[in-house]
Amino acid sequence: MLEAVFFDAAGTLFEAREPVGHTYARIARQHGLHADDAAVSAGFRRAFSSTPGLAFGPGRPPAEIRRLEREWWYGLVRRSFEGLGEFDNFNAFFEELFAYFGDPASWEALPEAEPVLQRLKDERFRFGIISNFDARLYGILEGLGLRRFFETVTISSEAGYAKPAREIFATALSSLDVAAADAAHIGDSAHMDVRGAQDAGLRPILIDVGATIQTPAIEQGVARVSSLAEIIEVMRLLRFTE
């Protein structure tokens with residue numbers, strides 16, 4: 001019987017207030033590089049897809065992990081703008097960009113996030129987060145009023161593995177002292193969230209925004225919903241389903 005629910009963070013519980021490519025391009029213009037949003041978005045996707053996961057591992061001092069997080073993002077952002085022009089001062093641009101995405105005001109919780117979490121908490125579910133994010137996530141969750149719902153937050157930079165690696169799910173399970181068979185994982189990525197959860201033995205729930213799903217569907221062990229609001233119903237279906 002299910003007793004714990006893990007959530008992805010960005011894209012599942014909250015989202016950026018404006019498209020990421022737009023933010024990159026907007027702040028870049030303030031530092032002398034003028035490129036349209038589409039070109040910057042394409043550059044970011046290329047850089048992100050070719051960059052190893054944001055994962056450095058246990059056993060490192062917190063200060064070292066924070067340094068490695070910044071270096072990881074520095075390299076990714078630098079590669080995102082390759083061929084798009086020159087900055088007046090790239091370092092100044094990066095500092096502003098990094099701070100922007102660490103500010104809770106740059107993000108917004110999905111309207112249904114808090115009501116869904118409270119409802120499930122009332123039904124005695126335990127919560128954790130599994131995210132391919134860095135330590136800025138802690139402040140974002142606090143600022144959005146969501147941190148209070150979660151017993152544990154497992155981020156890839158500290159765990160040493162990034163989704164879909166089964167090890168990050170194992171780390172999260174251990175943090176709640178719960179068996180994989182008694183846990184579900186909710187996210188918006190078929191590759192990162194569904195595949196990772198399946199490999200680790202958790203029950204995957206995919207939030208497929210825009211999909212035409214009349215009612216929560218469970219097919220081949222994967223539950224699919226079209227919005228976070230439908231999680232309550234699908235959790236009731238799964239809770240007593242072996």
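These are my notebook entries on aromatic pairs, one loop residue and one helix in a predicted model.

**Aromatic pairs**

I began with the rings and arrived at a count of 21 aromatic pairs. The pair I looked up to begin with was Phe-7 with Phe-150, whose ring centres are 5.9 Å apart and whose planes stand at 80°, so I entered the pair as edge-to-face, the cut-off for that class being over 60 degrees. I then checked where the two residues sit and found Phe-7 in strand S1 (residues 4-7) and Phe-150 in the loop between helix H6 (136-143) and strand S5 (152-155), so that the pair joins distant parts of the chain, 143 residues apart. Phe-7 and Phe-150 are both buried.

I went on to Phe-48 and Trp-72, another edge-to-face pair, for which I noted 6.3 Å from centre to centre and 85° between the planes. This pair links helix H2 (residues 37-49), which holds Phe-48, to helix H3 (residues 62-80), which holds Trp-72, across 24 residues of the chain. Here I recorded the accessibility of each partner: Phe-48 is partly exposed, at a relative accessible area of 41%, whereas Trp-72 is buried, at 13%.

**Arginines over rings**

I also looked for charges placed over ring faces, and noted Arg-70 over the face of Phe-98, 4.5 Å from the ring centre, and Arg-78 over the face of Phe-90, 3.9 Å from the ring centre.

**Leu-54**

Next I turned to Leu-54, which lies in the loop between H2 and H3. Is this loop residue buried or exposed? Its relative accessibility is 4%, and because the cut-off for buried is under 20%, I counted Leu-54 as buried. To see what surrounds Leu-54, I listed its contacts beyond four places in sequence, and among them are Glu-69, Trp-72, Trp-73, Phe-133 and Ser-156. For Ser-156 I also looked up the backbone separation: its C-alpha atom is 6.1 Å from that of Leu-54, although the two residues are 102 apart along the chain.

**Helix H9**

My last entry concerns helix H9 (residues 190-200), in which I found Asp-193, Val-194, Gly-196, Ala-197 and Ala-200 buried. These residues span an arc of only 165° around the axis, and therefore they lie on the same side of H9. This agrees with the general rule that an α-helix has 3.6 residues a turn, so residues three or four places apart point the same way. I then asked what covers the buried residues of H9, and the cover includes helix H8 (166-176) and strands S6 (183-187), S7 (203-207) and S9 (222-225). Just after H9, I noted that Gly-201 adopts a positive phi of about 90°.

How values were computed. Residues are numbered from 1 along each chain as its sequence is written. This is a predicted model: local features need pLDDT of at least 70, side-chain atom pairs count only at pLDDT 80 or more; totals for chains, interfaces and linings use all residues. Side-chain values use heavy atoms; hydrogens and water are left out. Rings of Phe, Tyr and Trp (its six-membered ring) pair if their centres lie within 6.5 Å; planes under 30 degrees apart count as stacked, over 60 as edge-to-face and the rest as tilted. Helices (H or I, at least four residues) and strands (E, at least two) are DSSP runs, numbered from the N terminus. Buried means under 20% relative accessible area, exposed over 50%, partly exposed in between (1.4 Å probe, protein chains only). A charge sits over a ring if NZ of Lys or CZ of Arg is within 6 Å of the ring centre and within 35 degrees of the ring normal. Contact means heavy atoms within 4.5 Å. The arc is that of the directions from the helix axis to the C-beta atoms.
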